[in-house]
Amino acid sequence: MPLSALLAHLHRAQHPDGGWPFHAGGRSRVEPTCWALLVFANSSASAQPNIAGGLHFLRSQQLPDGSWPSADGISSGGWVTSLAALTLAQFPACEKSVHVALEWLCDDYPRDSSRWQKFLKSFGTAKQHVSHNDEFRGWGWTPRTSSWVEPTAFALLAFAALRAKTPAVGPGLVSEPGILAELASQISDRRALAIGLLYDRMCAGGGWNCGNPRVYGVDGESLILPTCWALLALRTAPEHPHRTLSLSWLQKSFATIASAASLAVAQLTLETYDLPVPSAPRQLTDFSAAELSEQGTHVASWAALALNSSRAWPLRFYESTVTNQQPPATSHQPQP
Amino acid sequence: MNLRNRQLIPSFSRPPSRVLIRKVARYAEDLLAVIYESLREFALPIKDKTVFLKANLVGHDPHGFINTHPAVIAAARESFLKLGAARVLIGDGPALDRDTQAILESVRLREFTGPLTYGPGRDFSDLNIDDVERVPLETRASLLKELYLPKTVLGADFFVSMPKLKTHHWAGVTLSMKNLFGIVPGSCYGWPKNILHWAGIDRSILDINAAARPDFVIVDGILGMEGNGPIQGNPKHTGVLLFGDDPVAADSTACRVMGLRPEKVDYLSRAATMLGHMEATKIQQLGESVASVRTPFAVVPEFQALCEPEVK
């Protein structure tokens, strides 16, 4: 299946309101719209109408506090705010939307690691069957819940996209330097905590699951998608043995991948690290455009990104943004 | 569109519920015959209706004791079609892994059902990415005022919960009522659906079941899981399939089969006041007796109080 067939499919799937649904006949949603927009932003094809429509839809869905709801009608923002921010950061004239979104992200602290929760845990009134280090804080899927690997990774990806566009969290982003400096400082603090959280939540042997690497003393198994999002988020972080171990886990696991979604995102991840992509029982090109779209606009979009060798996201966006900031120490060491 | 029944009926005015237990030693047995004959005993109102089977597909399950077994799902689907259902849809919204296709490949569902179309309202629905509709939570047992739930579930004429017989490290047991966490869409609430944990697991189970009460239950108890469920426990062969027209009665009976006391399961004891029957005297027991299939399950230390005295 050529990339052009997928692009044509995505083109046809766009709604008149500019958004994309997960499936044909469904309502436009923020998440599939973001993934489709990332495809067209990286496409050399004439995609301006698709992009203009998608940007219009995203802007229309942003809540007054800067966040995005995961579905029409939901009155509070959630994890898709990171995805929308990283998507809009690819385009000019979206600075204001991105800025307020990042402010919302910086203010959105998970509840599980709050002082009150730590106080409760110190008296043994909260169940503690997991071995997390509560000093680290990431993001939850919904506000005021717990930190999890994937929403934390998406927030880091949003920060990275912004840094790539405006290296000092940038000139031109906002007009007032004071606000800019404060936001940059907040991003820096949250980023360090989030990187620490990701390494703390790594599964024994490398890779990540949703964020519970060990429950009741039993090691959890890593999963492809959370591992990939975490690795993509850590691409700009300094070298770390946990990251090396997790990349090794992903390379070894690649041969067992049977689904298009995991194949696509794993390929994106390995190529972002300039690592060879091993062979798997099925190749992405074995799936038809209809088959991929049946699995959802997000899967079709991931496949389109993976099949596009000239894509800028996520590969090139990271080339100039590797930092030397050291992450906090983690609560456990990687297994040999 | 059927927006699901909201049957908040006090226990004293609710007619007796029916639960049927069948002994089935292995998945290789003639499950179609067992399930078809069992469903016939209930004379279910499914002629020309759309039936939705909510399976429990948690994740990769090479040994077959985490998920509802695909042989049971396939036999149930075939049975409902034989009984006159116009369409039988299957679905779940896995809680921990958003790659539902990978889970389907892993559990080899299509090897048992044959080809399945994929998407909302089609043969298999990934409920995590279904279109959603706002559902006010009238029971307000948890802190949640509303949930956005999948239209495929809300629109089905007849809703069947098909859990695995398992203990659960946060809720005590996970059966037909806890299985409904899988209709809460991950695209809105994440993987896992952590907002339900913060709202209170037991109370969230009540709210969801009150908003979208299953019409029928089929519990896969041929091979269950004990201990640190729902994914890290140990296999427990029980050799039963359990059917029920009341999720509270079905789950309470399943607890008794597991050597656990349903009145000690927080959400079951609360559900018994408005969603169904927990007391054995209000459950018409069909098929095998509970005593004849009783197989004590181990639980994590926090839930030792669930165990019937002789199995503590």
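What follows is a chat between a student and a tutor about a predicted model with chains A and B.

Student: Let's start with chain A. How many helices and strands does it have?

Tutor: Chain A has 13 helices and 2 strands. Of its 336 residues, 53% count as buried.

Student: What makes A93(A) count as exposed?

Tutor: Count the C-beta atoms around it. A residue is exposed if 12 or fewer others lie within 10 Å. A93(A) has 8 such neighbours, so it counts as exposed. You'll find A93(A) in the loop between α4 (80–88) and α5 (95–107) of chain A.

Student: And what is phi of A93(A) near?

Tutor: Phi of A93(A) is near 65°, a positive value in a residue other than glycine. Most residues other than glycine have a negative phi.

Student: Which residue of chain B has a positive phi too, and where is it?

Tutor: That's R140(B), with phi near 50°. R140(B) sits in the loop between β5 (132–136) and β6 (146–150) of chain B.

Student: Why is R140(B) called partly exposed?

Tutor: Partly exposed covers the counts between 12 and 20. R140(B) has 13 other C-beta atoms within 10 Å, so it is partly exposed.

Student: How do you know that G224(B) is buried?

Tutor: The cut-off for buried is 20 or more other C-beta atoms within 10 Å. G224(B) has 27, so it is buried. G224(B) belongs to strand β10 of chain B. Leaving aside neighbours within four places in sequence, its contacts are F65(B), K164(B), L165(B), K166(B), K236(B) and T238(B).

Student: What about G205(A): which exposure class does it get, and why?

Tutor: With 17 other C-beta atoms within 10 Å, G205(A) falls under the 20 needed for buried and over the 12 allowed for exposed, so it is partly exposed. G205(A) lies in the loop between α8 (177–200) and β1 (214–215) of chain A. G205(A) and L245(A) are 40 residues apart in sequence, while their C-alpha atoms are 7.0 Å apart in space.

Student: Now the helices. What makes α9(A) and α11(A) roughly parallel?

Tutor: Two packed helices are described by the angle and the distance between their axes. Here the axes of α9 (residues 224–233) and α11 (residues 260–272) of chain A come within 9 Å and cross at roughly 25°. Angles under 35 degrees count as roughly parallel, so α9(A) and α11(A) are roughly parallel to each other. Their crossing is left-handed.

Student: Which residues of these two helices meet?

Tutor: From α9(A) come I224(A), L225(A), C228(A), L231(A) and L232(A), and they meet A261(A), S262(A), V265(A), A266(A), T269(A) and T272(A) of α11(A). By class, this contact has 8 nonpolar, 3 polar and no charged residues.

Student: At what angle do α4(A) and α5(A) cross?

Tutor: Their axes cross at roughly 150° and come within 9 Å. Angles over 145 degrees count as roughly antiparallel, so this pair fits that class. The crossing of α4(A) past α5(A) is left-handed. On the α4(A) side the contact is made by T81(A), S82(A), A84(A), A85(A) and L88(A), and on the α5(A) side by S97(A), V98(A), A101(A), L102(A), W104(A) and L105(A). Those residues divide into 8 nonpolar, 3 polar and no charged.

Student: Which peptide bonds are called cis, and what are their omega values?

Tutor: One runs from W313(A) to P314(A), with omega near 0°. P314(A) is in the segment after α13 (297–307) of chain A. Another joins G229(B) and P230(B), with omega about 15°. P230(B) lies in the loop between β10 (216–226) and β11 (234–244) of chain B. Most peptide bonds are trans.

Student: Which residues touch the most other members of the largest nonpolar core?

Tutor: They are A158(A), A303(A), L53(B) and L149(B), in a core of 193 residues. The largest share, 11 residues, comes from helix α7 (residues 149–165) of chain A.

Student: Last one: how many residues does each chain give to the contact between them?

Tutor: Chain B gives 28 residues and chain A gives 36. On the side of chain B that touches chain A, 14 residues are nonpolar, 8 polar and 6 charged.

Notes
Residues numbered from 1 in each chain as written. Chains lettered and ligands numbered in written order. Predicted model: local features only at pLDDT ≥ 70, side-chain atom pairs only at ≥ 80, totals over all residues. Helix = DSSP H or I, 4+ residues; strand = E, 2+ residues; numbered from the N terminus. Contact = placed C-beta atoms within 7 Å. Nonpolar A, V, L, I, M, F, W, Y, C, P; charged D, E, K, R; others polar. Axes fitted to C-alpha atoms, helices over the stretch in contact; angles between N-to-C directions. Parallel < 35°, antiparallel > 145°, perpendicular 65-115°, else oblique. Left-handed = near helix turned anticlockwise from the far one by under 90°. Core = buried A, V, L, I, M, F, W, Y, C linked by C-beta atoms within 7 Å.
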